[in-house]
Amino acid sequence: MGLFILRRLGVMLLTALCLTFVVFFLTNLYPNLEKLAKTQGNQRMSDTQVETWLDNRGFLQPTLVKYGQWLGVMPGFTNTLDDGTFLGTCTRPGSTAENTAKYCGVLQGDWGYSTVFKDEVGKIVAKRLGNTGYLMFWVLVLMVPSALLVGVLAGMREGSALDRSLSTFSIITTATPEYVSGVIFIAIFTSSTVGLKWFKGTATQAMDNPTFENFFLPVLTIALYGMGYIARMTRASMTEVMTAQYIRTARLKGVSFPNIVMKHALRNALIAPFTVIMLQFPWLLNGVVIVETLFNYKGFGWALVQAAGNNDIQLLLAISVVSVFVVLVTQLISDIGYVYLNPRIRIS
Amino acid sequence: MEPLSWTGSIAFLNPILMIALAALALSIVIWMVSSIVLPEAQVTVNPDGTVSSSGGVRGLTQLALWYSFVACVALALAYAVLGIVMGTSAGIIGAISQQFLPVWLALIILFAMSIAFKRRLGLYGKLYDSPIGMIGFGLVMFWVFTGIFGALDLIVTHDPLVQVSGMKNKVPGTPLPNLEDGEYAWYLLGGDNLARDIFSRMVKGAWIVVQIAPLATMFAFMVGITLGLPAGYYGGRLDTFLSFLANLILAFPVILLFYLLVTPEIVATGVPNYMAAVLFVFPIVFISVLLNSRYYTRPNFRTPLLIGVLGVALWLYLSLISTNGFVINTDDYSIWGLPTYLDLFDIPGGILVVFVSVVFVNSPTVFRIVRGLALDIKTRDYVAAAQTRGEGPWYIMLWEILPNARGPLIVDFCLRIGYTTILLGTLGFFGLGLPPESPDWGSTINEGRKLLSIYLHPALPPAFALLSLVLGLNLLADGLREESLKD
């Protein structure tokens, strides 16, 4: 088991390195750098000015060198202009040649400086992740129990009226992406035309003061899309368990139906959904980006949109590291959890 | 011109529809509750061996559900038929159903023909045994026909890009202020914030989805199958390497990938062209290996066949990837492609990058499914028999394993078209790739959502269109799964 986890960690590290390099390569393509120069410097810079601007800040070094600097295995780029301004990858506004570290990269715990927000990347990501973590927590609280309930109720009597109604419900939710359900919810519950006005159409205030009124719609929108899939998987696993021999034995023995479902079937039926829930996290991340844009909730997804829209290289890299980490860790947890939940499987 | 109301002179149907809908909702609830509370119907075995069950209260609830459902369907049909006959005097509903007349006709013909010949149509014919599958297929074909006829300018009432002054954010059914000859007199679903006709934009948006989504899914399947079969069949290093690559792409959050790939800056560097050049090779490889492995024992037949098929495929491939005589044309350098007089069609950079990235995102998942299926099927006896017979590995993969994996693959194909539709909508929602004035559903939803608290009508029609298409594909996949399991 220890060896297995170790090997998985190695693969994770390799994946993270490859992915960050891809992001690094794409954000460092020349047209993207040109865009960065024009948004940071001056929109009307000529081509030569752009080139000098980039060259002065070390953006025109070979990609591998720049990647090494970002990782922290190569000394940071420094340059002093003719007028005495000190520039480099490790500099912050106001720093001089003396108080700048030689190495500044991820290995040194320095995530860089965001060109959009004018702040340390580490701080921004931590703050935005906090907001999104709160959102995700409530999404999971709403989504997982209701999805499991729907799936178990539908799966306990296959083909019954309850099964068909709940299966239709879960198909409809999987067919409704967040930007559709969000728009429909906003239209029904917040607009002055329909006149219900039960909720707020934006979640901007929810960052400081989350209430049911301003926070429920974003949570519901994300939860609903993921719910259908988990519910269908739970239903499938529940129907499979309910046809097993030991359930029939219990039934013939005279155990009551509620007891069969609660005591015999439920635990075995919940093994498969566990992995599905874990593997659902990457998709939730997508939902988060859409919903945070739709409801103007300034979390991780919102930061991603801002960083990508402005080619904020270091913020984008930090964001991709975090999201890749989330994806890989949830995969690892789902694998390990599967083994613990299902004693018949041993990892070789 | 008078503004149109929703139902016009067939408003007398509205209360009846309300009653029918209420009855339907009520009977569904009663049906569900009674299935939990009431005992199951008693089944008695008759002396002659037949089985009969008493109707009971449960049967009654089922009957009530059936009748209220039929009433609702009949009323919806009445709206459509009366609308076709009466046109605009039946209000917006009537006018819309009259505009959709070619779609209704095509649907009726398709369903009538298919049901008449369903026993001869294999799995497709069996679809007509499952009501869920039929509803799903109906929804999908509705949008397919809407897309096709919309592209032929049969359904649309106005140009989707033309702005008419005075129509900004007007509610559905508003008449045009200065009517010219031959122009449709109303904006059936109102105007958007740039005073364009929402109804026509929705119909034109269907064409974009119907063009891109199935084709992109098909390419993703070709890539996934061509790589997944050897990975599953051979295993070993090849499998490890390809699985690592697939997991790498899957670990990327889709939206981050889109934001990195689908920007004008990336299009300028030519990266999508390289990706297109690589990804579009796979169908050619797939077809040539498919044909070669089958017919290599008959060289006289195989060689001309391969030359013909590969010639056409290569020509299509080259015209697909080359634009204006270049494969890649950046400021710094360019690579020569097919000369323009041989070039069959040009794909604008924006569309190409959308297409490529959707294929790129979808193919690893297909790869994993195909690999899993190949791992399972390669242990079967018929594969061992083929190996003993001395068949080559590619023959076994493509002519023994693949046909036996078709059930799950067809089901996944339907689901994946739906997912691709959602992805295209996501791209439009973030304003990536497609030009900003394009009538695709994602962009329209994105534009409409900004004024959603005041004007509902610009965002809702494309939202419901996308919802119904994806729902239709999901139902179709469910019906297909059900029917293919019956074999």
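**Helical spans and the contact of chains A and B**

User: How far apart do the end C-alpha atoms of residues 9-30 of chain A lie?
Analyst: The span is 91% helix and 0% strand, where helices (H or I, at least four residues) and strands (E, at least two) are DSSP runs, numbered from the N terminus. This is a predicted model in which local features need pLDDT of at least 70 and side-chain atom pairs count only at pLDDT 80 or more, whereas totals for chains, interfaces and linings use all residues. Residues are numbered from 1 along each chain as its sequence is written, while chains are lettered from A and ligands numbered from 1 in the order in which they are written. For residues 9-30 of chain A, the end C-alpha atoms are separated by 34 Å.

User: Which UniProt annotation covers residues 135-154 of chain A?
Analyst: In the model, residues 135-154 of chain A are 100% helix and 0% strand, with end C-alpha atoms 28 Å apart. The unreviewed UniProt entry, whose positions are given in the numbering used here, with shortened feature names and annotations that may be inferred rather than shown by experiment, lists this stretch among others, including residues 9-30 and 166-189, as "transmembrane region".

User: What percentage of residues 129-334 of chain A is helix?
Analyst: The unreviewed UniProt entry places the feature "domain: ABC transmembrane type-1" at these residues. In the model their end C-alpha atoms are 22 Å apart, strand accounts for 0%, and the helix content is 80%.

User: Which helix supplies the largest share of the side of chain A that touches chain B?
Analyst: Counting residues as in contact if their C-beta atoms, placed from the backbone, lie within 7 Å, the contact takes 43 residues from chain A and 40 residues from chain B. The largest share of the side of chain A, seven residues, belongs to α7(A).

User: At roughly what angle do the axes of α1(A) and α8(B) cross?
Analyst: Thr15(A), Cys18(A) and Leu19(A) of α1(A) meet Asn247(B), Leu248(B) and Ala251(B) of α8(B). By class, this contact has four nonpolar, two polar and no charged residues, with Ala, Val, Leu, Ile, Met, Phe, Trp, Tyr, Cys and Pro counted as nonpolar, Asp, Glu, Lys and Arg as charged, and the others, Gly among them, as polar. The axes (lines fitted to C-alpha atoms, for helices over the stretch in contact, with angles running from 0 to 180 degrees between N-to-C directions) come within 10 Å and cross at roughly 65°.

Technical notes. Contact = placed C-beta atoms within 7 Å.
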